[in-house]
Amino acid sequence: MKMNIRAENGRQIVEISGRLDSVTSGELEKKGLELVAGGAVKMVMDLAETDYISSAGLRTLLTLAKAARAKG
């Protein structure tokens, strides 16, 4: 998995390419939670170049959505 994060119009755009699975989802969760802790509650997950998402990857996306929602 490759991840690119950029700011655009007050949002964090997280571009993910490759596989989002049990091996790579921890990296996304760690970085995403760091962004939320830093105040980034508006995030867009760009999955256009993502080849595969496992249930672990979906869990990570839900975890980040819940964390952002809890921050407001």
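Which residues does Arg11 touch, not counting residues up to four places away in sequence? In this predicted model, Arg11 touches Arg6, Lys42 and Val44. To see where those contacts sit, let us walk through the structure, starting with the sheet and then adding the helices.

The sheet is open and has three strands in the order 1-2-3, with mixed pairing. Its edges are strand 1, residues 2-8, and strand 3, residues 43-53, each of which pairs on one side only. Averaged over neighbouring strands and ignoring direction, the turn of one strand against the next is 10°. As a general reminder, strands of a sheet pair through backbone hydrogen bonds, in either a parallel or an antiparallel sense.

Take the pairing of strand 1 with strand 2, which covers residues 11-20. These two strands run antiparallel and share seven bridges. You can trace the register yourself: Met3 has Ile16 as its bridge partner in strand 2, while Arg6 has Ile13.

Now look at the turn that joins them. Strand 1 and strand 2 form a hairpin with two residues between them. Asn9 is found in this loop, and its phi is near 55°, a positive value in a residue other than glycine. For context, most residues other than glycine have a negative phi. Is Asn9 buried or exposed? Asn9 has a relative accessible area of 68%, so it counts as exposed.

Just past the turn we come back to Arg11, which is found in strand 2. Because its relative accessibility is 40%, Arg11 counts as partly exposed. Its C-alpha atom is separated by 7.9 Å from that of Val41, although the two residues are 30 apart along the chain.

Next come the helices. Helix 1, residues 25-37, lies across strand 1, strand 2 and strand 3, and runs at about 175° to strand 2. Does its length fit what a helix should give, and what is the expected span? At 1.5 Å a residue, the 13 residues of helix 1 should span 18 Å, and its end C-alpha atoms are 18 Å apart, so the two values agree.The buried residues of helix 1 are Ser25, Leu28, Glu29, Gly32, Leu35 and Val36. They cover an arc of only 130° around the axis, so they lie on the same side of helix 1. From there they pack against strand 1, strand 2, strand 3 and helix 2. The face turned away from this buried side carries the exposed residues Lys30 and Ala37. After helix 1 comes Gly39, which has a positive phi near 105°.

Helix 2, residues 55-71, lies across strand 2 and strand 3 and runs at about 180° to strand 3. How do the two helices sit against each other, and at what angle do they pack? Helix 1 and helix 2 pack at an angle of about 5°, with their axes 9 Å apart. Since angles under 35 degrees count as roughly parallel, helix 1 is roughly parallel to helix 2. Residues of helix 1 that take part in the meeting include Leu28, Gly32 and Val36, and those of helix 2 include Leu61, Leu64 and Ala68.

Technical notes
Residues numbered from 1 in each chain as written. Predicted model: local features only at pLDDT ≥ 70, side-chain atom pairs only at ≥ 80, totals over all residues. Heavy atoms only, no water. Pairing = 2+ DSSP bridges. Helix = DSSP H or I, 4+ residues; strand = E, 2+ residues; numbered from the N terminus. Axes fitted to C-alpha atoms, helices over the stretch in contact; angles between N-to-C directions. Contact = heavy atoms within 4.5 Å. Buried < 20%, exposed > 50% of the residue type's maximum accessible area, 1.4 Å probe, protein only. Expected span 1.5 Å × (residues − 1). Arc of directions from axis to C-beta. Parallel < 35°, antiparallel > 145°, perpendicular 65-115°, else oblique.
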